[in-house]
Amino acid sequence: MSDELFAGLRQAVIDGDPAAALALAERSLADGVSPLDAIDKGLVPGLSYVGEQFGLGELFLPDMMLAARAMQKAMSVLEPELARLATERKVLGHVIMGTVKGDIHEIGKNLVGMMLSTSGFEVHDLGVDVAPERFIEAAQEHGANLIGVSALLTTTMAGQRTVVEAVKAAGLAGQVKVIVGGAPASAAWAAEIGADGYSEDAMGAVALARQLVS
Ligand code: B1M
């Protein structure tokens with residue numbers, strides 16, 4: 001039964017059909033399916049497929065935009081449920097989140113922010129296309145423990161290095177830890193740029209954040 005729902009969610013994203021994605025997300029919740037499973041087993045595989053086909057030249061930018069819209073429509077009901085399921089709300093730390101300058105991909109960043117938030121972190125989301133100095137200003141304003149920097153493009157990932165350097169230049173190194181993620185990033189990249197950690201997915205980011213603030 002859940003498999004059918006996951007397949008339907010995946011297809012709704014591939015078809016770029018927000019109404020179907022929303023209806024299936026609502027049905028998943030009504031059927032007691034975990035919102036995280038609906039995201040990880042339904043929506044994300046759909047978006048990954050569209051990304052692969054785009055890379056192969058089989059689908060085009062409008063297809064990718066429609067797919068993202070369908071995913072976000074489904075997320076509009078799944079995210080509040082994820083938040084509701086968060087049990088305890090002890091603040092573990094303050095995290096500044098954003099996608100690097102020049103990059104407007106936000107779905108993965110939002111998912112990481114949501115998981116951190118439901119795990120007890122206070123998340124201050126700066127959005128997308130964020131200049132390095134904005135990360136620093138926000139970290140100082142909120143007394144942040146962590147800065148999370150997402151990048152989805154090989155052409156923008158250098159922005160993660162710029163944020164690490166800006167943290168050092170502001171005299172915040174050690175006090176404010178920087179974690180990086182997104183498709184082109186890796187543990188080796190994080191080490192190369194002097195970031196404090198890398199995670200390949202949202203759950204890993206929570207574990208990493210917990211470890212870094214402990
Ligand atoms: Co774009 N795009 N896109 N895109 N897009 C990719 C990334 C691409 C791989 C597609 C492809 O060619 N196969 C490719 C990048 C190639 C490269 O650089 N090597 C690409 C391209 C080329 C582009 C444009 C340049 C296309 C163009 O204009 N010709 C353009 C760039 C615009 C810009 O940013 N300046 C562009 C635009 C777009 C849309 C606007 C249409 C849309 C984004 C809509 C939005 O976000 N509101 C879009 C989409 C949807 C994608 C794909 C299909 C899906 C991305 C996504 O949301 N995935 C993507 C292909 C793909 O990834 N397979 C693609 C789902 C999300 C849950 O996963 O973001 O990876 P992800 O996040 C994961 C992990 O990476 C990790 O955890 C998340 C959850 O597990 N993670 C972190 C992410 N951030 C983290 C931070 C952390 C820790 C973990 O700590 C801080």
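**Strand pairing and helix packing**

In this predicted model, Ile 179 stands opposite Gly 197 of strand 5. That strand pairs with strand 4, residues 177-181, in the parallel sense. Two bridges make up the pairing.

Strands 4 and 5 belong to an open sheet of five strands. The strand order is 2-1-3-4-5, and the pairing is parallel. Strand 2 (121-125) and strand 5 (197-198) form the edges. Each of these two pairs on one side only.

Helices lie across the sheet strands. Helix 6, residues 132-142, lies across strand 1 (93-99), strand 2 and strand 3 (146-150). Its direction is at about 165° to strand 1. Helix 7, residues 158-169, lies across strand 3 and strand 4. Helix 7 runs at about 160° to strand 3.

A helix-helix contact was also examined. Helix 2 (residues 18-30) packs with helix 4 (residues 61-85) at an angle of about 25°. The two axes are 7 Å apart. Helix 2 is therefore roughly parallel to helix 4, as the angle is under 35 degrees. The crossing of helix 2 and helix 4 is right-handed. Helix 2 contributes Pro 18, Ala 21, Leu 22, Ala 25, Glu 26 and Leu 29 to the contact. From helix 4 come Ala 70, Lys 73, Ala 74, Ser 76, Val 77, Leu 78 and Glu 81. By class, the contact of helix 2 with helix 4 comprises nine nonpolar residues, one polar residue and three charged residues.

Note on methods:
Residues numbered from 1 in each chain as written. Predicted model: local features only at pLDDT ≥ 70, side-chain atom pairs only at ≥ 80, totals over all residues. Heavy atoms only, no water. Axes fitted to C-alpha atoms, helices over the stretch in contact; angles between N-to-C directions. Helix = DSSP H or I, 4+ residues; strand = E, 2+ residues; numbered from the N terminus. Parallel < 35°, antiparallel > 145°, perpendicular 65-115°, else oblique. Left-handed = near helix turned anticlockwise from the far one by under 90°. Contact = heavy atoms within 4.5 Å. Nonpolar A, V, L, I, M, F, W, Y, C, P; charged D, E, K, R; others polar. Pairing = 2+ DSSP bridges.
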